[in-house]
Amino acid sequence: MEIGGESSQPHLDLNPGRYALLKVSDTGSGMSPEIVERIFEPFFTTKDSSHGTGLGLAMVYNIIKNHNGRITCYSETGQGTTFSLYLPLLDRQDTYRETTPEKETEITGGQERILLVDDDVNILDTSQAILEQFGYTVLRAESGEEAVEIYLDKGSEIDMVVLDLNMPGMGGTKCMHQLLEINAKSKVLVTSGLLTEQRTSETLFPGAAGILGKPYRLTDLLGNIRLILDSS
């Protein structure tokens, strides 16, 4: 579809151009206007804390927006829900454009001990394998509560913490605060799928040694870890 001119939809705040429109609908119980208005807010959920954090749709919204697209939600109580995704189309010449490979930077490892904290086991498995391949010793925790327990027991042996911000239960922010209470000099690298240009200010995460948005390349993870460990 074409956005712009007479077909422009100001409420989408999209640049003029050609877009692919994907609609996903269900025939469920639907939602009230009050819920629809807040559906993309981080941490907003109608479920209790044991069934989610209210971050799924917020992450989808940010990912699509960061790709210059938009997502909208239409729903009525008893009438189901429809999500509309607008994604910009690439020009055909862009699809086949030749690119010059970027110069690879040397990635170095180390001998330090790192605590990985993430509720996604796949991320833990992949990150642990890569870090150990580069010489690091890795401890892992699947929640903020578990991370605090490990840090209380072995904090003096841990050189750095890589901490996912968006987890159920205690969550990453409260976990970081407790780690810093245990040791004010703790080096914590915060990771999150909700980080945007407006949310990457370190003033939002006082005490964090670094901030890394998800999804990230493993080379970015390794580079940030080395940079933080080598800092005074």
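Two bridges join β1 to strand β2 (residues 17-26), and this pair runs antiparallel. The structure is a predicted model. The points below cover an antiparallel sheet, the strand β7 with its parallel partners, and a patch of negative charge on the surface.

**Antiparallel sheet**
- The open sheet consists of four strands, ordered β1-β2-β4-β3, with antiparallel pairing.
- At its edges lie β1 (2-3) and β3 (70-75), each of which pairs on one side only.
- Where β1 meets β2, I3 has G17 as its bridge partner.

**Strand β7 and its neighbours**
- Strand β7 covers residues 160-164, and five of the five are buried, so the strand is largely enclosed by the rest of the structure.
- Cover is present on both faces of β7: M160, V162 and D164 are buried on one side, and V161 and L163 are buried on the other.
- Strand β5 (residues 113-117) runs parallel to β7 and is joined to it by four bridges.
- Within this pairing, I114 stands opposite M160 of β7.
- Strand β8 (residues 188-192) is also parallel to β7, with four bridges between them.
- The bridge partner of L163 in β8 is V190.

**Negative surface patch**
- A patch of negative charge on the surface gathers D119, D120, E142, E145, E146 and E149.
- One of these residues, E146, belongs to helix α5, which spans residues 144-154.
- E146 has a relative accessibility of 31% and therefore counts as partly exposed, since that class lies between the buried limit of under 20% and the exposed limit of over 50%.

Methods
Residues numbered from 1 in each chain as written. Predicted model: local features only at pLDDT ≥ 70, side-chain atom pairs only at ≥ 80, totals over all residues. Heavy atoms only, no water. Patch = residues over 30% accessible without salt bridge, like charges linked within 9 Å, V, L, I, M, F, W, Y side chains within 5 Å. Areas by Shrake-Rupley, 256 points an atom, 1.4 Å probe, with all protein chains shown as cover. Salt bridge = Lys/Arg side-chain N within 4 Å of Asp/Glu carboxyl O. Lys, Arg positive; Asp, Glu negative; His and termini not counted. Charge placed at Lys NZ, Arg CZ, Asp CG, Glu CD. Buried < 20%, exposed > 50% of the residue type's maximum accessible area, 1.4 Å probe, protein only. Pairing = 2+ DSSP bridges.
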